[in-house]
Amino acid sequence: MLEYINKFPSQRVAVVGDVMLDGYVWGRAGRISPEAPVPVVEVDRITSCLGGAANVMRNVATLGGQVTAFGVTGRDRDGEEIRKQLQKYGISPDNLVEDAARRTTHKQRVIAGTQQLLRVDYEDVAPVNENIREAIADRVIGLVERGGVDAVIFEDYGKGLLSEAMIERVVEAAVKAGVITLLDPKPGNLAPVKHLTMMKPNRNEAMLMAGIKERPGENRIAEAAAKILEQWELEYLLISLAADGMALSRPERELKLIPTRAREVFDVSGAGDTVVATCALALSAGASPEIAAELANYAAGIVVGKVGTVTIAAEELKNNIAGTLSGGEKR
(Lines give C-alpha, C1' and ligand atoms only; values in the text may rest on other atoms or scores of the structure.)
Protein backbone atom coordinates (compact mmCIF):
# COMPACT_ATOMS: atom_id res chain seq x y z
CA MET A 1 0.00 0.00 0.00
CA LEU A 2 2.80 2.42 0.84
CA GLU A 3 4.41 1.85 -2.56
CA TYR A 4 1.21 2.84 -4.35
CA ILE A 5 0.84 6.00 -2.25
CA ASN A 6 4.33 6.99 -3.39
CA LYS A 7 3.03 6.83 -6.98
CA PHE A 8 0.15 9.24 -6.33
CA PRO A 9 2.05 12.39 -7.44
CA SER A 10 2.36 11.06 -11.00
CA GLN A 11 -1.35 10.22 -11.32
CA ARG A 12 -3.58 12.62 -13.28
CA VAL A 13 -7.25 12.67 -12.31
CA ALA A 14 -10.10 14.61 -13.92
CA VAL A 15 -13.07 15.26 -11.62
CA VAL A 16 -16.40 16.07 -13.28
CA GLY A 17 -19.39 16.89 -11.13
CA ASP A 18 -21.45 19.09 -8.85
CA VAL A 19 -19.09 21.56 -7.16
CA MET A 20 -20.26 23.15 -3.90
CA LEU A 21 -19.16 25.41 -1.10
CA ASP A 22 -19.45 23.96 2.42
CA GLY A 23 -20.00 26.69 5.01
CA TYR A 24 -19.71 26.37 8.78
CA VAL A 25 -21.03 28.58 11.57
CA TRP A 26 -19.12 27.54 14.70
CA GLY A 27 -20.27 28.42 18.20
CA ARG A 28 -21.58 27.39 21.60
CA ALA A 29 -25.16 26.54 22.60
CA GLY A 30 -25.74 27.34 26.27
CA ARG A 31 -29.42 28.27 26.42
CA ILE A 32 -32.81 27.85 24.73
CA SER A 33 -34.35 30.72 22.81
CA PRO A 34 -37.34 32.47 24.45
CA GLU A 35 -38.84 32.84 20.94
CA ALA A 36 -39.02 29.13 20.11
CA PRO A 37 -37.85 25.78 21.63
CA VAL A 38 -34.50 25.91 19.82
CA PRO A 39 -30.93 26.41 21.06
CA VAL A 40 -29.28 29.81 20.81
CA VAL A 41 -25.83 29.51 19.21
CA GLU A 42 -23.27 32.12 20.23
CA VAL A 43 -21.11 32.35 17.11
CA ASP A 44 -17.33 32.20 17.46
CA ARG A 45 -16.35 32.06 13.80
CA ILE A 46 -17.60 31.39 10.27
CA THR A 47 -15.57 29.31 7.81
CA SER A 48 -15.99 27.71 4.40
CA CYS A 49 -14.32 24.96 2.42
CA LEU A 50 -14.72 23.07 -0.84
CA GLY A 51 -17.62 20.61 -0.95
CA GLY A 52 -19.21 18.08 -3.29
CA ALA A 53 -17.14 17.43 -6.39
CA ALA A 54 -14.83 20.28 -5.33
CA ASN A 55 -14.02 18.34 -2.16
CA VAL A 56 -13.12 15.30 -4.26
CA MET A 57 -10.78 17.56 -6.24
CA ARG A 58 -9.27 18.80 -2.98
CA ASN A 59 -8.83 15.21 -1.72
CA VAL A 60 -6.98 14.17 -4.86
CA ALA A 61 -4.69 17.20 -4.51
CA THR A 62 -3.90 16.73 -0.80
CA LEU A 63 -3.14 13.06 -1.43
CA GLY A 64 -0.56 14.24 -3.97
CA GLY A 65 -2.36 13.68 -7.26
CA GLN A 66 -2.71 16.06 -10.21
CA VAL A 67 -6.25 17.39 -10.68
CA THR A 68 -8.21 18.79 -13.62
CA ALA A 69 -11.49 20.30 -12.42
CA PHE A 70 -14.73 20.35 -14.44
CA GLY A 71 -18.02 21.77 -13.17
CA VAL A 72 -20.51 24.63 -13.12
CA THR A 73 -20.96 27.54 -10.70
CA GLY A 74 -23.17 30.56 -10.61
CA ARG A 75 -21.82 34.00 -11.39
CA ASP A 76 -21.77 34.92 -7.72
CA ARG A 77 -19.61 35.36 -4.63
CA ASP A 78 -19.79 31.66 -3.70
CA GLY A 79 -18.56 30.70 -7.18
CA GLU A 80 -15.65 33.11 -6.80
CA GLU A 81 -14.83 31.58 -3.42
CA ILE A 82 -14.73 28.07 -4.91
CA ARG A 83 -12.28 29.26 -7.56
CA LYS A 84 -10.05 30.93 -4.97
CA GLN A 85 -10.01 27.85 -2.76
CA LEU A 86 -9.23 25.51 -5.67
CA GLN A 87 -6.23 27.67 -6.53
CA LYS A 88 -4.97 27.35 -2.94
CA TYR A 89 -4.63 23.62 -3.59
CA GLY A 90 -2.89 24.12 -6.93
CA ILE A 91 -6.04 23.27 -8.92
CA SER A 92 -6.84 25.41 -11.96
CA PRO A 93 -10.46 26.67 -12.08
CA ASP A 94 -10.24 27.33 -15.83
CA ASN A 95 -12.63 24.49 -16.71
CA LEU A 96 -15.34 25.62 -14.30
CA VAL A 97 -18.14 27.18 -16.35
CA GLU A 98 -20.06 30.17 -14.99
CA ASP A 99 -23.83 30.07 -15.52
CA ALA A 100 -25.48 33.37 -14.64
CA ALA A 101 -28.88 31.62 -14.55
CA ARG A 102 -27.88 29.43 -11.57
CA ARG A 103 -26.77 29.87 -7.98
CA THR A 104 -23.60 28.20 -6.78
CA THR A 105 -24.57 25.38 -4.42
CA HIS A 106 -23.75 26.38 -0.84
CA LYS A 107 -24.47 24.16 2.17
CA GLN A 108 -24.12 26.01 5.47
CA ARG A 109 -23.95 24.02 8.72
CA VAL A 110 -24.44 25.37 12.24
CA ILE A 111 -22.14 23.60 14.72
CA ALA A 112 -22.32 23.89 18.51
CA GLY A 113 -19.19 22.35 19.98
CA THR A 114 -18.89 19.18 17.89
CA GLN A 115 -22.66 18.78 17.31
CA GLN A 116 -24.30 19.80 14.02
CA LEU A 117 -27.60 21.51 14.81
CA LEU A 118 -28.82 22.70 11.44
CA ARG A 119 -28.00 22.85 7.73
CA VAL A 120 -29.17 25.56 5.33
CA ASP A 121 -28.92 24.88 1.57
CA TYR A 122 -28.71 27.48 -1.20
CA GLU A 123 -28.98 25.74 -4.56
CA ASP A 124 -30.63 25.28 -7.96
CA VAL A 125 -31.06 21.64 -8.99
CA ALA A 126 -32.68 21.93 -12.43
CA PRO A 127 -30.68 20.29 -15.27
CA VAL A 128 -27.73 22.35 -16.46
CA ASN A 129 -28.13 23.91 -19.91
CA GLU A 130 -27.42 21.18 -22.50
CA ASN A 131 -24.95 23.39 -24.37
CA ILE A 132 -22.89 23.73 -21.19
CA ARG A 133 -23.01 19.96 -20.63
CA GLU A 134 -21.84 19.33 -24.18
CA ALA A 135 -19.01 21.84 -23.85
CA ILE A 136 -17.77 20.24 -20.62
CA ALA A 137 -18.00 16.73 -22.09
CA ASP A 138 -16.02 17.90 -25.16
CA ARG A 139 -13.25 19.26 -22.92
CA VAL A 140 -13.03 16.04 -20.87
CA ILE A 141 -13.01 13.86 -24.01
CA GLY A 142 -10.30 16.04 -25.53
CA LEU A 143 -8.18 15.56 -22.41
CA VAL A 144 -8.73 11.80 -22.54
CA GLU A 145 -7.89 11.53 -26.24
CA ARG A 146 -4.70 13.59 -25.81
CA GLY A 147 -3.49 11.18 -23.13
CA GLY A 148 -3.65 13.91 -20.50
CA VAL A 149 -5.43 11.95 -17.78
CA ASP A 150 -5.23 8.55 -16.05
CA ALA A 151 -8.64 8.48 -14.35
CA VAL A 152 -11.96 10.31 -14.56
CA ILE A 153 -14.26 10.65 -11.52
CA PHE A 154 -17.93 11.51 -12.04
CA GLU A 155 -19.26 13.04 -8.81
CA ASP A 156 -23.06 13.14 -8.81
CA TYR A 157 -24.92 15.03 -6.09
CA GLY A 158 -28.07 15.46 -8.18
CA LYS A 159 -27.49 19.18 -8.69
CA GLY A 160 -28.05 19.13 -12.43
CA LEU A 161 -24.70 18.73 -14.19
CA LEU A 162 -24.39 15.02 -14.98
CA SER A 163 -26.63 13.09 -17.37
CA GLU A 164 -26.48 9.56 -18.78
CA ALA A 165 -25.64 10.84 -22.28
CA MET A 166 -22.84 13.05 -20.99
CA ILE A 167 -21.23 10.26 -18.95
CA GLU A 168 -21.65 7.70 -21.75
CA ARG A 169 -19.77 9.94 -24.19
CA VAL A 170 -16.84 10.33 -21.80
CA VAL A 171 -16.80 6.65 -20.77
CA GLU A 172 -16.75 5.54 -24.40
CA ALA A 173 -13.66 7.67 -25.04
CA ALA A 174 -12.07 6.54 -21.77
CA VAL A 175 -12.53 2.83 -22.57
CA LYS A 176 -10.83 3.30 -25.94
CA ALA A 177 -7.94 5.16 -24.29
CA GLY A 178 -7.56 2.75 -21.35
CA VAL A 179 -8.52 5.45 -18.83
CA ILE A 180 -10.12 4.43 -15.51
CA THR A 181 -13.61 5.78 -14.77
CA LEU A 182 -15.35 6.00 -11.39
CA LEU A 183 -18.84 7.16 -10.42
CA ASP A 184 -20.01 8.34 -7.00
CA PRO A 185 -23.77 8.06 -7.65
CA LYS A 186 -26.96 9.78 -6.53
CA PRO A 187 -29.68 7.07 -6.53
CA GLY A 188 -32.49 7.74 -8.95
CA ASN A 189 -30.69 10.55 -10.73
CA LEU A 190 -29.13 8.46 -13.51
CA ALA A 191 -30.18 5.37 -15.44
CA PRO A 192 -27.47 2.69 -15.63
CA VAL A 193 -24.38 3.70 -17.60
CA LYS A 194 -22.39 0.72 -18.89
CA HIS A 195 -18.67 -0.03 -18.70
CA LEU A 196 -17.57 2.14 -15.77
CA THR A 197 -14.49 0.82 -13.98
CA MET A 198 -15.88 1.35 -10.47
CA MET A 199 -18.93 2.74 -8.73
CA LYS A 200 -18.97 3.75 -5.06
CA PRO A 201 -22.37 4.07 -3.34
CA ASN A 202 -22.92 3.85 0.39
CA ARG A 203 -25.15 1.12 1.85
CA ASN A 204 -28.41 3.10 1.70
CA GLU A 205 -27.67 4.24 -1.85
CA ALA A 206 -26.88 0.67 -2.93
CA MET A 207 -30.18 -0.59 -1.51
CA LEU A 208 -32.12 2.16 -3.28
CA MET A 209 -30.33 1.48 -6.58
CA ALA A 210 -31.05 -2.25 -6.31
CA GLY A 211 -34.66 -1.72 -5.23
CA ILE A 212 -34.11 -3.77 -2.06
CA LYS A 213 -35.45 -3.04 1.43
CA GLU A 214 -33.53 -4.45 4.37
CA ARG A 215 -35.55 -5.31 7.46
CA PRO A 216 -33.90 -4.88 10.89
CA GLY A 217 -31.33 -7.61 11.35
CA GLU A 218 -31.17 -8.48 7.65
CA ASN A 219 -28.01 -8.32 5.56
CA ARG A 220 -28.83 -8.22 1.85
CA ILE A 221 -25.72 -6.38 0.74
CA ALA A 222 -24.48 -9.27 -1.44
CA GLU A 223 -27.86 -9.46 -3.18
CA ALA A 224 -27.87 -5.71 -3.83
CA ALA A 225 -24.28 -5.78 -5.11
CA ALA A 226 -25.02 -8.59 -7.57
CA LYS A 227 -28.03 -6.72 -8.93
CA ILE A 228 -26.12 -3.45 -9.39
CA LEU A 229 -23.18 -5.19 -11.07
CA GLU A 230 -25.54 -6.78 -13.56
CA GLN A 231 -27.53 -3.61 -14.29
CA TRP A 232 -24.52 -1.34 -14.71
CA GLU A 233 -22.02 -3.88 -16.12
CA LEU A 234 -19.31 -2.63 -13.77
CA GLU A 235 -15.82 -3.99 -13.34
CA TYR A 236 -15.89 -3.25 -9.58
CA LEU A 237 -18.46 -2.08 -7.05
CA LEU A 238 -17.31 -0.64 -3.72
CA ILE A 239 -20.05 -0.09 -1.12
CA SER A 240 -19.35 1.98 2.00
CA LEU A 241 -20.87 0.33 5.08
CA ALA A 242 -20.24 3.11 7.65
CA ALA A 243 -19.10 1.50 10.94
CA ASP A 244 -18.95 -1.93 9.25
CA GLY A 245 -16.25 -0.87 6.77
CA MET A 246 -16.68 -1.57 3.05
CA ALA A 247 -17.83 -4.30 0.68
CA LEU A 248 -15.99 -4.92 -2.59
CA SER A 249 -17.84 -6.82 -5.30
CA ARG A 250 -16.90 -7.85 -8.82
CA PRO A 251 -18.53 -10.14 -11.41
CA GLU A 252 -18.31 -13.86 -10.65
CA ARG A 253 -16.38 -13.27 -7.42
CA GLU A 254 -17.49 -13.64 -3.82
CA LEU A 255 -18.22 -10.36 -2.04
CA LYS A 256 -15.24 -9.23 0.05
CA LEU A 257 -15.82 -7.41 3.35
CA ILE A 258 -13.18 -4.93 4.53
CA PRO A 259 -13.45 -4.01 8.25
CA THR A 260 -13.44 -0.33 9.21
CA ARG A 261 -10.18 1.34 10.19
CA ALA A 262 -11.84 4.21 12.08
CA ARG A 263 -10.91 4.51 15.76
CA GLU A 264 -13.54 7.17 16.56
CA VAL A 265 -16.32 8.69 14.44
CA PHE A 266 -17.08 12.39 14.92
CA ASP A 267 -18.32 13.46 11.48
CA VAL A 268 -18.91 11.47 8.27
CA SER A 269 -19.14 14.62 6.10
CA GLY A 270 -16.93 14.19 3.04
CA ALA A 271 -15.79 10.64 3.88
CA GLY A 272 -17.23 9.31 0.61
CA ASP A 273 -15.29 11.98 -1.28
CA THR A 274 -12.08 10.76 0.35
CA VAL A 275 -12.88 7.16 -0.59
CA VAL A 276 -13.50 7.83 -4.29
CA ALA A 277 -10.43 10.09 -4.57
CA THR A 278 -8.18 7.48 -2.94
CA CYS A 279 -9.57 4.68 -5.13
CA ALA A 280 -9.02 6.70 -8.31
CA LEU A 281 -5.39 7.41 -7.42
CA ALA A 282 -4.67 3.84 -6.32
CA LEU A 283 -6.28 2.17 -9.35
CA SER A 284 -4.55 4.52 -11.79
CA ALA A 285 -1.26 3.78 -9.99
CA GLY A 286 -1.78 0.08 -10.77
CA ALA A 287 -3.21 -1.19 -7.49
CA SER A 288 -5.65 -4.09 -7.47
CA PRO A 289 -9.24 -3.22 -6.49
CA GLU A 290 -8.65 -4.96 -3.14
CA ILE A 291 -5.62 -2.80 -2.33
CA ALA A 292 -7.37 0.34 -3.61
CA ALA A 293 -10.34 -0.39 -1.33
CA GLU A 294 -8.08 -1.05 1.65
CA LEU A 295 -6.25 2.23 1.08
CA ALA A 296 -9.57 4.07 0.82
CA ASN A 297 -10.69 2.38 4.04
CA TYR A 298 -7.65 3.69 5.91
CA ALA A 299 -8.17 7.17 4.45
CA ALA A 300 -11.86 7.27 5.41
CA GLY A 301 -11.01 6.05 8.90
CA ILE A 302 -8.87 9.15 9.42
CA VAL A 303 -11.40 11.61 7.98
CA VAL A 304 -14.40 10.49 10.07
CA GLY A 305 -12.33 11.07 13.21
CA LYS A 306 -12.33 14.82 12.52
CA VAL A 307 -15.09 17.43 12.56
CA GLY A 308 -16.14 19.11 9.32
CA THR A 309 -15.42 18.44 5.66
CA VAL A 310 -11.70 17.67 5.82
CA THR A 311 -9.04 15.95 3.75
CA ILE A 312 -5.82 14.11 4.50
CA ALA A 313 -2.31 14.30 3.13
CA ALA A 314 -0.39 11.38 1.67
CA GLU A 315 2.08 11.42 4.57
CA GLU A 316 -0.77 11.25 7.11
CA LEU A 317 -2.19 8.24 5.29
CA LYS A 318 1.21 6.52 5.16
CA ASN A 319 1.86 7.20 8.84
CA ASN A 320 -1.57 5.85 9.79
CA ILE A 321 -1.02 2.64 7.83
CA ALA A 322 2.50 2.17 9.18
CA GLY A 323 1.35 2.84 12.75
CA THR A 324 -1.55 0.40 12.47
CA LEU A 325 0.65 -2.34 11.03
CA SER A 326 3.43 -1.87 13.59
CA GLY A 327 0.82 -1.88 16.36
CA GLY A 328 -0.57 -5.12 15.00
CA GLU A 329 2.89 -6.70 14.99
CA LYS A 330 3.43 -5.74 18.62
CA ARG A 331 0.17 -7.37 19.62
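Author: Axes here are lines fitted to C-alpha atoms, for helices over the stretch in contact, and angles run from 0 to 180 degrees between N-to-C directions. Heads-up: this is a predicted model, where local features need pLDDT of at least 70, side-chain atom pairs count only at pLDDT 80 or more, and totals for chains, interfaces and linings use all residues. Residues are numbered from 1 along each chain as its sequence is written, and side-chain values use heavy atoms, with hydrogens and water left out.

Reader: At what angle do helix 4 and helix 5 pack?

Author: Helices (H or I, at least four residues) and strands (E, at least two) are DSSP runs numbered from the N terminus. Helix 4 (residues 130-145) and helix 5 (residues 164-177) have axes 9 Å apart. They're roughly parallel, a label for angles under 35 degrees. The angle is about 5°.

Reader: How many charged residues does that contact have?

Author: Among the residues that meet (heavy atoms within 4.5 Å) are Arg133 and Glu134 in helix 4 and Arg169 in helix 5. Charged covers Asp, Glu, Lys and Arg. Next to ten nonpolar and no polar residues, the charged count is four.

Reader: Which strands stand at the edges of the sheet?

Author: Pairing takes at least two DSSP bridges. The open, mixed sheet runs 5-4-1-8-9-10-11-12-13. A single partner leaves one side without a neighbour, so the edges are strand 5 (96-99) and strand 13 (256-258).

Reader: Which helix gives the most to the largest nonpolar core?

Author: That core, of buried (under 20% relative accessible area, 1.4 Å probe) residues joined through side-chain atoms within 4.5 Å, has 54 members. Met57, Ile153, Leu182 and Leu317 touch the most other members. With nine residues, the top contributor is helix 9.

Notes:
Parallel < 35°, antiparallel > 145°, perpendicular 65-115°, else oblique. Buried < 20%, exposed > 50% of the residue type's maximum accessible area, 1.4 Å probe, protein only.
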